[in-house]
Amino acid sequence: MSETSPAPTPPPRTSAPRTSMARKAVAGVLLVVPFTVYLAVPTYAKDGPHLTGFPFFYWWQLLWVVLTAVCIGSAHLLTRKRGAAK
């Protein structure tokens with residue numbers, strides 16, 4: 001009598017899940033927004049309104065330095081691979 005063994009099952013996939021197209025699109029928008037704000041110079045090239053004594057131009061630029069870091073960090077979190085080595 002000969003016994004037959006069941007067919008081997010394929011190993012489970014171990015690759016990280018792919019980033020969805022929606023996440024990539026949102027990340028792309030997050031990366032483009034700061035550039036468009038910085039390139040729209042006529043919208044912020046003015047003196048007023050003042051914020052704690054600083055002209056609008058300076059506090060607007062400083063605000064967007066922080067917001068740009070937030071946008072880039074958010075885009076990174078949206079597109080990083082899950083389970084990647086840290």
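A residue is called buried here when its relative accessible area is under 20%, exposed when that area is over 50%, and partly exposed in between. By this criterion, Phe 56, Trp 64, Thr 68, Cys 71 and Ala 75 are the buried positions of helix α3 in this predicted model. The cover over these α3 residues includes α1 and α2.

It helps to set this helix in the context of the whole chain. The chain holds 3 helices and 0 strands, and reads α-α-α along the sequence. Of its 86 residues, 13% count as buried. Among contacts with a sequence separation of 6 or more, 57% join residues 24 or more positions apart. The accessible surface comes to about 7300 Å², and carbon and sulfur atoms contribute 70% of that area.

Two of the helices can be compared with the span expected at 1.5 Å a residue. Helix α1, covering residues 21-39, has 19 residues; the distance from its first C-alpha to its last is 27 Å, close to the expected 27 Å. Helix α3 spans residues 56-79 and has 24 residues, reaching 34 Å between its end C-alphas, again close to the expected value of 34 Å. On the α1 side, the buried residues are Ala 27, Pro 34 and Val 37, and they pack against α2 and α3.

Thr 68 gives a view of the packing from within α3. This threonine counts as buried because its relative accessibility is 15%, which falls under the 20% limit. Beyond its neighbours within four places in sequence, Thr 68 is in contact with Pro 34 and Tyr 38. Pro 34 is itself one of the buried residues of α1.

Aromatic side chains are another feature to follow along α3. A search of the whole structure finds 6 aromatic pairs. One of them joins Phe 56 and Trp 59 in an edge-to-face arrangement, with 4.9 Å between the centres and 85 degrees between the planes. These two residues of α3 are 3 residues apart, about one turn of the helix. Phe 56 also pairs with Trp 60, and this pair is stacked because the ring centres are 5.4 Å apart and the planes meet at 20 degrees. Here the separation along α3 is 4 residues, also about one turn. Phe 56 is buried, at 8% relative accessibility, whereas Trp 60 is partly exposed at 23%. Together with Trp 64, the residues Phe 56, Trp 59 and Trp 60 form one aromatic cluster.

Trp 59 is partly exposed, with a relative accessible area of 22%. Leaving out residues up to four places away in sequence, Trp 59 touches Pro 49, His 50, Leu 51 and Phe 54. Pro 49 is 10 residues from Trp 59 in sequence, and their C-alphas are 9.9 Å apart.

The last of these contacts leads to the loop between α2 (41-44) and α3, where Phe 54 lies. Phe 54 joins Phe 57 and Tyr 58 in a nonpolar surface patch of about 340 Å². Thr 52 is found in this loop between α2 and α3 as well. Most residues other than glycine have a negative phi. Thr 52, although not a glycine, has a positive phi of about 50 degrees. Its relative accessibility of 72% is why Thr 52 counts as exposed.

Definitions and conventions: Residues are numbered from 1 along each chain as its sequence is written. This is a predicted model: local features need pLDDT of at least 70, side-chain atom pairs count only at pLDDT 80 or more; totals for chains, interfaces and linings use all residues. Side-chain values use heavy atoms; hydrogens and water are left out. Patches are made of residues with over 30% relative accessible area and no salt bridge: like charges are joined within 9 Å, nonpolar side chains (Val, Leu, Ile, Met, Phe, Trp, Tyr) within 5 Å. Accessible areas come from the Shrake-Rupley method with a 1.4 Å probe; for residues, only the protein chains shown count as cover. A salt bridge is a side-chain nitrogen of Lys or Arg within 4 Å of a carboxyl oxygen of Asp or Glu. Buried means under 20% relative accessible area, exposed over 50%, partly exposed in between (1.4 Å probe, protein chains only). The expected span of a helix is 1.5 Å times one less than its number of residues. Contact means heavy atoms within 4.5 Å. Rings of Phe, Tyr and Trp (its six-membered ring) pair if their centres lie within 6.5 Å; planes under 30 degrees apart count as stacked, over 60 as edge-to-face and the rest as tilted.
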